[in-house]
Amino acid sequence: MAAELVGGALLSAFLQEIGRRIVEKCKGLPLALKTIGSLLRTKSSSSYWKSVLESDIWDLPKEVEIIPALLLSYQNLPSHLKRCFAYCALFPKDYEFDKKELILLWMAEGFLHHSKQIKNVQEIGEQYFDDLLTRSFFLQSSFIRKFVMHDLMNDLAKYVCADFCFRLKFDKGNCIPKTTRHFSFASADLRFFDDFGSLTDAKRLRSFVQITNYAIYPGFPGQFEIIRELFTKLKFLRVLSLNGYSNLKEVPDSLGDLKHLHSLDLSHTNIEKLPDSIGLLYNLLILRLNYCSCLKELPSSLHKLSKLRCLEFEHTEVTKMPMHFGELKNLHVLDMFCVSRNSEFSTKQLGGLNLHGSLSINEVQNIVNPLDALEAKLKNKHLVELKLIWNSNHIPDDPRKEKEVLENLQPSNKLEHFSIKGYCGTQFPSWVFDNSLSNLVSLQLKDCKYCLCLPPLGLLSSLETIEIRGFDGIVSIGAEFYGSNSSSFKSLEILKFYNMKEWEEWECKTTSFPRLQRLFVVQCPKLKGLSEQLLHLKELYIESCDNLIISEHSVDASALECLKTASSPLVNIPMTHYDFIEKMTIDDGCDSLTIFQLNFFPMLRLLHLEGCQNLQRISQEHAHYNLKKMTMWKCPQFESFPSGGLSAPWLQIISIREVRNLKLLPKLMQILLPSLTELRIINCPKVEKFADGGLSSKIKDMSLSSLKLIASLRETLDVNTCLKKLSIEYLDVESFPDEVLLPPSLTSLTIIRCRNLKKLDYKLLYHLSSLELGDCPNLQCLPEEEGLPIAISSLTIWDFPLLKQRCQNPEGEDWGKIGHIEKLIIR
């Protein structure tokens, strides 16, 4: 035993020493340390650690601009993960990855291999993605359910894929190498695309992918011809994505020639129909048509796609399924199913499909016979998310029949997310609330206007989120909502009420909502008060509740972290001490508020005051050390900030708009607001100068609408100013005068909504790299002779009908002045 302990201690010391030397080789780079740590944490073998330390990769040649630790981590990936990661070289830096969309691409490329433990190929893809995420090859984005790849990881993907992936414009060279198998482009870069010449040698291309950006760019002639030629020449394509290619209105019949195609994505295009030749794509696995707003029907030959696993057509005009749809026996992912008037035939087709994941069943009112609903066999489907939607214009002839239809559409107990919209019964079947859906996490009940009372949802033990919207018949919510349990809604964290026109009273049991954190009450004009048992709320949002009064006892001020109220004049926020509030928004309400006392909100980070009709001033007794952003809009009586100046050392953003009674900005901003980086003063006519003491030298971004403030910038700013961006808005002048000298530090200028501006001295712009012009209808042309300064690499022009015409490619009169600009947006 002692020998084992000694041996273990020696091994630990040995690994510590090797680990220390590996850390030194990472040269302090956090990402390198993180990926190497992910690599080594599951390996306890000393020989393995030593092999990592002694790898030749640490001595890569200088011309190889790849971090050795990252390459080492890649080389130690299993082969299936290597393929998936290298494929991401198709995407540019800073791209926001959607996990589901990337997995579908991997599936189409054949990267996802079946396993004995997991039979669902989508689940295999999720496992692959999660493995790469765990190893830091992906990072969580700031957007929900989005992921990014570190720039260094993107470089690594491009390095390891060599010439197999080519990104238009980003990769050097005019012609794509013969070895290229995967090609990507963005619609903004199509002007760099020389018709089909670039792809002449890449005839064995497997992927042709449009990287979606959803911006609108000028079109170019011959687009349809390029698509037709694409379908004719690239016979080996596995993946074709024109997602976001809004100019595409027609798909040629030659689509059927792409016999090897596994994935076709035409989402966000303007196609009206698909050719019947799509039925020839017998290898097609994935068809995505989301947001094709002109698409009215699916092709009649769709049933011939016997291998199809995924079909999506959300937000289209499709209202019925094609004949023989039920023959798609391999279809696992179907986002929407439309019930036809022949409901028995329609629901039988649905019942024959082995669906997984999410499903929305539309036009449920077409199920006339409740027995037809049983044919859908929802109880046998492995659905995680389900939406049942009735047409909003449907008028029921028999509420009992409506209830029977819903009774027979009972899903399996695997369901986690459930939505019912437009249901026309007066009561819900028992399975909605009796815990038959024991795994249900979120529930939405929308526009069920014939229901006179809510079901006892308090009995759903796993429910975390409820949204109730548009129940016109509800006057009071009481005991029926909670059920007979001693503790109702024991898992509920988020509760939302929207558009409850007749709702007046809300009674609550003392033992309800033990975990409720977020409450939203919106468009409930007759509601008089909240339940007095809603303690421990962290977020409270109230909007358009004309008669709502909040008592001091209904909400625990010491627990709130976020408070928002809008268009609710009687809501009064008691000026007492709030220990944890970080975000506060008052918008067109709180008519009793005259003085906002900043001291009562010590943790406040964001303050937004808008339409506060009687607010006169902000008071402060001592410095506030958490406030980072303050906005004040349309407060007609507001006159002053604290007399000694607003003291907030960490405040970064101040935005003041249409505060017409304000005369002076906060004093001593350079001293009291040393962290200020953004300042916006728009339509405050009495503010004619900056207060004494100057502005913080850290200011990078300003927006102004006063010519006097703009003219005084040079005098007010510190010589070491960081000001880079200036936005001039609502300036009421015909010409931007020559005597106004802009700060030389500026690199970006925006001039918008200056309706009377006719003349702009373009000599003022010589030091800029970015220019935006918008909604200045009397400014009709770019400089006549010298053109725009050569340093400008980004130009955006919008809401200029005449100027837009002059800037079109290639006939426009001003195109020669702007055609060289790298980033050009005209809309």
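What follows is a walk through the nonpolar cores and some loop residues of this predicted model. Because the model is predicted, local features need pLDDT of at least 70 and side-chain atom pairs count only at pLDDT 80 or more, while totals for chains, interfaces and linings use all residues. Residues are numbered from 1 along each chain as its sequence is written, and side-chain values use heavy atoms, with hydrogens and water left out.

The largest nonpolar core (buried Ala, Val, Leu, Ile, Met, Phe, Trp, Tyr and Cys residues joined through side-chain atoms within 4.5 Å) holds 194 residues, of which Leu457, Trp506 and Phe596 touch the most other members. Domain 2 (561-708) and domain 3 (724-826) both give residues to this core, so it lies between them; the domain bounds come from an automatic or database assignment. A second, separate core has 45 residues, including Leu77, Tyr87, Cys88 and Leu132.

Beyond its neighbours within four places in sequence, Leu457 is in contact (heavy atoms within 4.5 Å) with several residues, among them Val432, Phe433, Phe481 and Phe489.

Ser488 sits in the loop between β18 (476-477) and β19 (494-498), strands being DSSP runs of E of at least two residues, numbered from the N terminus. Ser488 is buried, at a relative accessible area of 0%, where buried means under 20%, exposed over 50% and partly exposed in between, with a 1.4 Å probe and protein chains only. A polar atom of the Ser488 side chain lies 2.9 Å from the backbone oxygen of Tyr482.

Phe513, in the loop between β20 (505-506) and β21 (518-522), has a positive phi near 55 degrees although it is not glycine, and at 4% relative accessibility Phe513 counts as buried.

How values were computed:
Helices (H or I, at least four residues) and strands (E, at least two) are DSSP runs, numbered from the N terminus. A polar contact is a pair of N or O atoms within 3.5 Å; within protein, one must be able to donate a hydrogen and the other to accept it, and residues adjacent in sequence count only if both atoms are side-chain atoms.
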